[in-house]
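Me: I have a structure open and would like to go through it with you. Can we start with how residues get sorted into classes?

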Amino acid sequence: MNQDDKPEDSSRRELIKGALGTGALAAGAASVPGFIFPALAQGERLVPFTDVPDTFNVRPVRPNSTHWLDTREITTYFTDNEDFYLVQHYGQPEIDNDSYRLRVTGMVDKELDFSLQDLKDRDNIEQQVGFECGGNSPRLFQGLIGNARWRGVSLKDILEEAGIQDGAKEIVFFGTDTQVETIREREVEKAFARSLSIDDAMRPENMLAFEMNGEPLPHYHGKPVRALIPGWYGVANVKWLTQIHVQDTRYMGRFMGRDYVTLKKENIGGVERWVENSVTTMNLKSSIVRVTELGGQYKIQGFVLNDGTPLESIEVKVDDGPWERAQINPRSTKYSWKLFSYDWNNATPGQHTIVSRVTDIEGNVQATQEELPEKASNWENYGQFPRTVTI
Ligand SMILES: Nc1nc2c(c(=O)[nH]1)N[C@H]1C(S)=C(S)[C@@H](COP(=O)(O)O)O[C@H]1N2
Ligand SMILES: [Mo]
């Protein structure tokens with residue numbers, strides 16, 4: 001583990017948080033080695049965004065509730081487990097490690113049943129993966145986000161060991177968390193579940209994770225085992241995973257068919273139609289999260305997330321100026337978030353609008369909000385996000 005992989009000690013975290021709360025300088029906080037996004041150096045200050053309301057507040061982690069990052073406080077490449085955002089729709093079940101079982105059922109040659117130790121005893125893989133909720137947006141200043149180092153086992157290996165039978169179409173991932181849902185006026189108990197096509201499920205990077213940043217998966221992040229589908233929106237990463245089922249029909253549950261379904265206008269073979277799609281891979285997106293100042297030198301910092309396609313550039317624009325290249329943190333990996341930094345030279349006093357845009361090697365350019373397709377749902381909010389600051 002590199003020095004700058006280490007989560008900051010909590011006293012410094014508190015210091016930074018305190019500094020934000022009061023607008024005071026975090027003087028005395030030592031700088032952390034690392035390319036980018038260090039904690040505030042001595043004399044450095046966070047420049048407040050003027051688009052963040054005074055009431056914007058990040059709650060401490062509370063049982064069963066949503067938690068988001070104050071993105072102005074992103075100072076480390078890996079997000080602390082307790083800071084990493086939290087979303088769960090049916091609460092956070094507690095699963096006992098000793099009685100935990102993961103079953104692989106359905107259209108397989110051999111049904112499988114693993115204990116946690118059985119999984120740990122298999123070949124382990126480790127990957128850096130960042131993701132955001134499909135509902136992340138400017139509303140929470142992009143706070144439904146995080147980046148971590150995950151350890152687990154290969155999903156593909158397990159599916160191959162079970163042997164997927166001819167005619168199978170989908171793999172369904174069930175969590176233990178359930179809720180009574182009213183469907184057509186009938187109350188039925190449903191588990192949280194998501195599905196993948198066989199092809200999507202067999203990607204070698206998919207894993208079943210039991211460790212996060214070197215610690216056993218915390219219970220609110222899905223203890224003891226969750227799915228991790230790199231490059232996809234968070235909803236695919238089923239927590240508290242206890243059953244993987246192979247079937248020959250499409251899975252139609254709430255989180256595939258009704259929620260996390262984008263409704264947008266598209267040209268379908270020459271006809272403008274409203275279409276619906278499940279939220280799947282992450283769209284190409286960047287956002288500015290922080291502006292700092294040290295001795296009159298301003299820096300603009302932010303993140304990029306996408307489906308893993310390599311990036312061509314990340315650029316920043318101030319007011320009506322030209323797009324200028326920012327530096328991408330060279331330690332980024334295919335599926336990690338990519339932090340970027342831009343030296344804002346000669347910043348002039350006054351109010352400024354700053355915005356970032358990312359381009360991948362396929363030539364996809366992050367669109368402005370206005371260029372995005374007309375949309376009637378809040379999922380997949382990946383347009384450029386202009387911020388305002390006063391110097
Ligand atoms: N079992 C289960 N898994 C789940 C969910 C859930 O409600 N239940 N929510 C999903 C959604 S919508 C998101 S964005 C991610 C959030 O993962 P995190 O809380 O570990 O950040 O978990 C996904 N996995
Ligand atoms: Mo989500």
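Reply: Ala, Val, Leu, Ile, Met, Phe, Trp, Tyr, Cys and Pro count as nonpolar, Asp, Glu, Lys and Arg as charged, and the others, Gly among them, as polar. Keep in mind that this is a predicted model.

Me: ok, so how many of each class are in the shell around ligand 1?

Reply: The shell holds 11 nonpolar residues, five polar ones and three charged ones.

Me: and which residues are the closest to ligand 1?

Reply: Tyr85, His89, Asp177, His221 and Lys239 are the closest of the 19 residues that surround ligand 1.

Me: what does the backbone of His89 do there?

Reply: One of the backbone N or O atoms of His89 lies 2.8 Å from an oxygen atom of ligand 1. With His221 the side chain is involved: an N or O atom there is 2.7 Å from an oxygen atom of the ligand.

Me: what about the nitrogen side of things, which residue is at 3.0 Å?

Reply: That is Asn237, where a polar backbone atom is 3.0 Å from a nitrogen atom of ligand 1. On its own, ligand 1 has 530 Å² of accessible area, and the protein covers 100% of this.

Me: where does ligand 1 sit, then?

Reply: In the largest cavity.

Me: new topic. how many salt bridges are there?

Reply: The count comes to 18, with a side-chain nitrogen of Lys or Arg within 4 Å of a carboxyl oxygen of Asp or Glu as the rule. One of them joins the side chains of Arg151 and Glu126, at 3.4 Å from N to O.

Me: why does that pair tie together separate parts?

Reply: Arg151 is in strand 5 (residues 145-154) and Glu126 is in strand 4 (residues 125-132), so the pair links parts that are 25 residues apart in sequence.

Me: last thing, the backbone. which residues does the cis peptide bond join?

Reply: Lys223 and Pro224, with omega at about 0 degrees. Pro224 lies in the loop between strand 9 (215-216) and strand 10 (226-228). Most peptide bonds are trans, and most residues other than glycine have a negative phi.

Me: what is the phi of Asn346?

Reply: Positive, about 55 degrees, although Asn346 is not a glycine. Asn346 is found in the loop between strand 19 (338-344) and strand 20 (351-360).

Methods:
Residues are numbered from 1 along each chain as its sequence is written. Chains are lettered from A and ligands numbered from 1 in the order in which they are written. This is a predicted model: local features need pLDDT of at least 70, side-chain atom pairs count only at pLDDT 80 or more; totals for chains, interfaces and linings use all residues. Side-chain values use heavy atoms; hydrogens and water are left out. A residue is near a molecule or strand if one of its heavy atoms lies within 4 Å of it. A polar contact is a pair of N or O atoms within 3.5 Å; within protein, one must be able to donate a hydrogen and the other to accept it, and residues adjacent in sequence count only if both atoms are side-chain atoms. Accessible areas come from the Shrake-Rupley method with a 1.4 Å probe; for residues, only the protein chains shown count as cover. On a 1 Å grid over the protein atoms alone, a cavity is a set of points where a 1.4 Å probe fits but cannot get out, and a pocket is an open set with protein on both sides within 12 Å along at least five of seven lines; lining residues have an atom within 4 Å of a point. A molecule sits in a cavity or pocket if more than half of its atoms lie within 2 Å of its grid points. Helices (H or I, at least four residues) and strands (E, at least two) are DSSP runs, numbered from the N terminus.
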